[in-house]
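Visitor: Please take me through one part of this model in close detail. I would like to look at its pockets, and then at the framework around them.

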Amino acid sequence: MSNALQLPIIDLASPDRFSTANSIRQQACIDHGFFYLVNHGVDEELVKKVFEQSSNFFSFPIEEKMKLAIKNHRGYTALYAEKLDTTLTTKGDSKETFYVGPLADGLNQWPLEEDLPSWRSTMETYHQKVLSAGTKLLSLIALSLKLDEDFFGKVGALNEPLGFIRLLHYPGSGDLDSSSEEVYGASAHSDYGMITLLMTDGVPGLQICREKSKQPQVWEDVPSISGAFVVNIGDMLERWTNCLFRSTLHRVLPPRQERYSVAFFMEPSKDCIVECLGSCCSEAHPPRY
């Protein structure tokens with residue numbers, strides 16, 4: 001079953017940082033684990049270019065795309081290559097993807113400039129802009145946890161943060177193999193990292209399940225807001241907050257029409273120590289991890 005849902009809207013440019021932090025704490029991260037982020041500083045024209053360049057790449061023949069097949073968590077994964085919910089007996093999820101990782105480590109794979117002019121520069125600019133927005137958001141998340149706003153910087157999480165773009169393409173049902181089994185665009189999962197900032201093309205399909213341990217599961221549709229990121233908390237931040245914040249189960253329904261989205265996964269630096277925050281622990285709630 002599915003219900004419509006209105007998630008909290010967080011304004012990254014609000015001058016009242018403490019009020020915003022309080023909204024992040026209760027409405028966004030404790031109640032839902034998902035929220036919209038507006039006034040985030042990522043230009044609408046840049047987002048449009050990213051979606052255009054994503055479409056350009058995915059329109060290539062499979063033979064060309066496979067030349068950039070994934071290695072070192074960078075590059076292309078084909079349709080049905082991944083199944084996020086391993087309990088399903090169906091074939092893999094009906095999506096194809098392309099990963100762009102941290103820009104400084106030299107591990108990214110790029111289409112040739114002659115094949116896709118400005119593709120690399122567009123993705124690099126987007127990576128930098130969304131990483132900046134995510135860093136600002138983390139300062140508000142720190143405030144929401146009763147910590148100094150530069151907490152994540154002080155513990156080394158932002159020394160060399162691991163930011164990954166994931167371009168996603170869900171072909172419409174008319175472009176998929178006809179089959180009696182229902183194959184999800186992205187089967188049910190939670191993200192394993194810190195935070196995810198998702199931009200969509202407005203085509204519906206994303207759903208969340210706030211109570212992942214309850215049966216039967218109740219799935220709620222997440223409507224798109226033009227220009228807003230859909231942000232969700234990952235498993236790492238759930239553990240970091242001693243399960244105060246919620247890493248929410250989500251999925252993408254079997255595609256009826258073609259759908260594109262762009263996820264940005266933000267993780268702390270590799271050498272950052274992650275342990276339950278003191279502000280999230282007490283005698284009644286000792287550290288779970």
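**Pockets and the sheet beside them**

Guide: Start with the second largest pocket, which has a volume of about 260 Å³. This is a predicted model. The lining of the second largest pocket counts 18 residues. Nearest its centre lie Val203, Pro204, Gly205, Leu206 and Arg259. By class, that lining splits into 10 nonpolar, five polar and three charged residues.

Now the largest pocket. It holds about 940 Å³ of space. Its lining takes in 43 residues. Tyr99, Phe164, Tyr192, Phe265 and Glu267 are the ones nearest the centre. The lining of the largest pocket has 23 nonpolar, 10 polar and 10 charged residues.

Which elements supply at least two residues each to the lining of the largest pocket? One helix number is on the list: helix 4 (119-144). The strands are strand 6 (162-170), strand 7 (186-189), strand 8 (195-200), strand 12 (249-252) and strand 13 (259-267).

Strands 6, 8 and 13 lead on to the sheet. Eight strands form this open sheet, in the order 2-3-11-8-13-6-5-4. The pairing is mixed. Strand 2 (9-11) and strand 4 (75-77) stand at the edges. Each has a single partner strand, so one side of each is left without a neighbour in the sheet. On average, neighbouring strands of this sheet are turned by 25° against each other, direction ignored.

Look at the pair formed by strand 8 and strand 13. They run antiparallel and are joined by six bridges. Thr196 has Phe265 of strand 13 as its bridge partner. Phe265 is also among the residues nearest the centre of the largest pocket.

Two helices that pack on the sheet deserve a look. Helix 1 (residues 17-30) touches strand 2, strand 3 (34-38) and strand 11 (229-233). Its direction makes about 160° with that of strand 2. Helix 4 touches strand 3, strand 5 (96-100), strand 6, strand 8, strand 11 and strand 13. The direction of helix 4 makes about 55° with that of strand 13. Helix 4 thus packs on the sheet and supplies at least two residues of the largest pocket's lining.

Finally, step back to the chain. It has six helices and 13 strands. The radius of gyration is 19 Å, close to the 19 Å that the globule rule gives for 289 residues, so the chain is as compact as a globular protein of that length. Its C-alpha atoms fill a box of roughly 55 × 45 × 30 Å along the principal axes.

Key
Residues numbered from 1 in each chain as written. Predicted model: local features only at pLDDT ≥ 70, side-chain atom pairs only at ≥ 80, totals over all residues. Heavy atoms only, no water. 1 Å grid on protein atoms, 1.4 Å probe; cavity = no way out; pocket = protein on both sides within 12 Å on 5 of 7 lines; lining within 4 Å. Points joined across faces, edges and corners; volume = space filled by probe spheres on them. Helix = DSSP H or I, 4+ residues; strand = E, 2+ residues; numbered from the N terminus. Nonpolar A, V, L, I, M, F, W, Y, C, P; charged D, E, K, R; others polar. Pairing = 2+ DSSP bridges. Axes fitted to C-alpha atoms, helices over the stretch in contact; angles between N-to-C directions. Contact = heavy atoms within 4.5 Å. Rg over C-alpha atoms; globule rule 2.2 N^0.38 Å.
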